[in-house]
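This report describes selected features of a protein model, with attention to strand arrangement and charged side chains. The sequence and structure are shown first.

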Amino acid sequence: MTHAMLKGSNVPLEADTVRAVLRWNPGQDVPDVDASALLLGPGGRVRSDEDFVFYNQPRHPSGTVWRLGKKRVADALTDTIQTDLTGVESAVGQILLVASADGVAFDRVRSLQILLYDASLDGADPIAVFEIRPETGEETALICGELYRRGEGWKFRAIGEGYSDGLRGLAVNYGISVDESEGEPETDSPAAEEPPASHQTFSQPLPPEQPTPPERPPAPPQQPAYGYPASLPTYGQAAPAYGYPQEFRMPPQGPQFIGR
């Protein structure tokens, strides 16, 4: 028999392994919903960050609580958490079953409900069904229900309490440490505008601009070193206007130099 749960009501569980199924109707402008679980120890808080089972950490290290993932069922979508109650560590007294909508308020989620099944009975009717109605409509995360110890056994309680600061705020409230740089929804980065020509980038850096040196006067003609010139001119070149020639010339050799 399926128990139709009211907020705050509870039902004993005889199943060893239970499957908690979040179900909602998709549609235009309806946000995606994620199921997660927090395992609470003494004082109603997690013992470490490993006690948080969610989309980035889909299985508890003990192997007793894990996500089964999302499915489409008829005209609805589901996301599921499964728990092996017989294997849960004795230090864990409560397991919160949570729904989050990635920063979008739950007043836009249609026909949200949690269904609890005996995981060993395929095709059987659910043990319990709870229709979840947000109190304010501004909630972005909801504690749908909880599995909790009672004596030697377990029970399920319908809760339906919400948080307006999302899954991050709910997790921090129960002792999860969250890096301040994390927890913000990812957004598509807008395309960068093309920079103006003066700010274009290049594959090879341009050399720094060098100042233009002042214009130098033309250099005077180079004077020969002291003594005779380094090279001799050919015969017939014009002599300088005055003084000793700047270049030494040998006269032609001929018969006037005849030895006696």
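How many salt bridges does the structure hold? In this predicted model, the structure holds seven salt bridges. Three of them are listed below.

| Acidic residue | Basic residue | N to O distance |
|---|---|---|
| Glutamate 135 | Lysine 7 | 2.1 Å |
| Glutamate 89 | Arginine 47 | 3.0 Å |
| Glutamate 146 | Arginine 157 | 2.3 Å |

**Salt bridges across the chain**

The salt bridge of glutamate 135 with lysine 7 links distant parts of the chain, 128 residues apart. Glutamate 135 lies in the loop between E10 and strand E11 (141–150), and lysine 7 in the loop between E1 and strand E2 (10–13). Glutamate 135 is exposed, with a relative accessible area of 58%, while lysine 7 is partly exposed at 43%.

Glutamate 89 and arginine 47 also meet through their side chains, and this pair spans 42 residues. The loop between strand E7 (76–84) and strand E8 (94–100) carries glutamate 89, and the loop between strand E4 (34–40) and strand E5 (52–53) carries arginine 47. Both residues are partly exposed: glutamate 89 has a relative accessible area of 32%, and arginine 47 has 37%.

The salt bridge between glutamate 146 and arginine 157 joins strand E11 to strand E12 (residues 153–163), the two residues being eleven apart in the chain. Glutamate 146 counts as buried because its relative accessible area of 5% is under 20%. Arginine 157, at 24%, is partly exposed. In addition, salt bridges with shared partners connect Asp32, Asp34 and Lys70 in one network.

**The six-stranded sheet**

Six strands form an open sheet with mixed pairing, in the order E1-E10-E9-E3-E7-E6. Its edge strands are E1 (3–5) and E6, each of which pairs on one side only. On average, neighbouring strands of this sheet are turned by 20° against each other, direction ignored. Within the sheet, strand E9 (residues 110–118) and strand E10 (residues 128–131) run antiparallel and are joined by four bridges. Leucine 115 has valine 129, in E10, as its bridge partner.

**Arginine 72 on strand E6**

Arginine 72 belongs to strand E6 (residues 65–73). Is this residue, arginine 72, buried or exposed? Arginine 72 is exposed, since its relative accessible area of 57% is over 50%. Leaving aside residues up to four places away in sequence, arginine 72 touches Pro26 and Leu77. The C-alpha atoms of arginine 72 and proline 26 are separated by 9.6 Å, although the two residues are 46 residues apart along the chain.

Note on methods
Residues numbered from 1 in each chain as written. Predicted model: local features only at pLDDT ≥ 70, side-chain atom pairs only at ≥ 80, totals over all residues. Heavy atoms only, no water. Buried < 20%, exposed > 50% of the residue type's maximum accessible area, 1.4 Å probe, protein only. Contact = heavy atoms within 4.5 Å. Pairing = 2+ DSSP bridges. Axes fitted to C-alpha atoms, helices over the stretch in contact; angles between N-to-C directions. Salt bridge = Lys/Arg side-chain N within 4 Å of Asp/Glu carboxyl O.
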